[in-house]
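Work through the exercises below with the sequence and the model at hand, trying each task before reading its solution.

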Amino acid sequence: MSPLRLSPRLVVAGTLTAIVLAAGSTAALATANGAFRGQVITPTVAGAGARRAAPTLAGTVIDVTLADLGGMGGMMGGQGQDGTSAMMGGGLRGMGVARVVAIPGVAPAGMVSLRVVNQGVRTHELVVLPLPAGQAAGTRPVGTDGRVDEAGSLGEASHSCGAGAGDGIAAGAVGRVTLTLGSGRYELVCNLPGHYAAGMYAELIVR
């Protein structure tokens, strides 16, 4: 009887199949032994874990994100030679180097909770101000101290990992505030020196 001859293609295919099966077995064994344990295999959104960890909030919940353009040397609260903020006086109004984003941007009248995540690299805060009829968000006059007038403020979230007022929400942390809001337009602002002029404001409509 003549020896059985195998096609070169069959030999290659068989070899590749063996390699794949061996690799799969090795991966399964390594996983069972904990070799891959703790590896992050899916991307996460900054602040998402912090949102999930926050306590259950009352009323309509608005997710607010505070963001700044990191690495802009001195543009977000940096100190000038005279010790004042590099952004005071509204010189960067409309430059868009920072943002306040509220989702959803419309809420029913009544109890509203703002869950505020700081995804920037600097400390921020969130102050809730009534927005007069006919006035657009982002048009408040900025004082020489780099802030807008907070007269009529309804409350703020400026406490890292807590509710209400504090010393600011640190980078990566979450703050919160629950308010009773009537129908109208409100402006959500970061009122640390220079931040409003850099674009840190958003409109919230309550109906």
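**Exercise 1.** Determine in which sense β7 and β8 run, and find the bridge partner of alanine 163 in β8.

*Solution.* Begin with the strand assignment, in which strands (E, at least two residues) and helices (H or I, at least four) are DSSP runs numbered from the N terminus. Strand β7 covers residues 162-163 and is joined to β8 by two bridges, the two running parallel, which satisfies the rule that strands pair if DSSP finds at least two bridges between them. Within this pairing, alanine 163 has arginine 176 of β8 as its bridge partner. Then turn to β4, which is joined to β8 by eight bridges in the antiparallel sense, with leucine 114 standing opposite valine 177 in β8.

The structure is a predicted model, in which local features need pLDDT of at least 70 and side-chain atom pairs count only at pLDDT 80 or more, whereas totals for chains, interfaces and linings use all residues. Residues are numbered from 1 along each chain as its sequence is written, and side-chain values use heavy atoms, with hydrogens and water left out.

**Exercise 2.** Establish the strand order of the open sheet of five strands, and explain why one side of β3 and of β6 is left without a neighbour.

*Solution.* The order is β3-β10-β9-β5-β6, and the pairing is mixed. Strands β3 (106-107) and β6 (155-157) stand at the edges with a single partner strand each, so one side of each has no neighbour in the sheet. Further inside the order, β9 (residues 184-189) pairs with β10 (residues 201-206) in the antiparallel sense over six bridges, and tyrosine 186 stands opposite leucine 204 in β10.

**Exercise 3.** Identify the residues with the most contacts inside the largest nonpolar core, and trace what leucine 126 touches.

*Solution.* A nonpolar core is a set of buried Ala, Val, Leu, Ile, Met, Phe, Trp, Tyr and Cys residues joined through side-chain atoms within 4.5 Å, where buried means under 20% relative accessible area with a 1.4 Å probe, counting protein chains only. The largest such core has 28 residues, and Val64, Leu114, Leu126 and Leu188 have the most contacts inside it. Among the elements that give two or more residues to this core are β1 (60-68), β2 (98-103) and β5 (126-130). Apart from it lies another core of seven residues, including Val127 and Val142. Leaving aside residues up to four places away in sequence, leucine 126 touches, among others, Val64, Leu114, Gly155 and Leu188, a contact being heavy atoms within 4.5 Å.

How values were computed:
Buried < 20%, exposed > 50% of the residue type's maximum accessible area, 1.4 Å probe, protein only.
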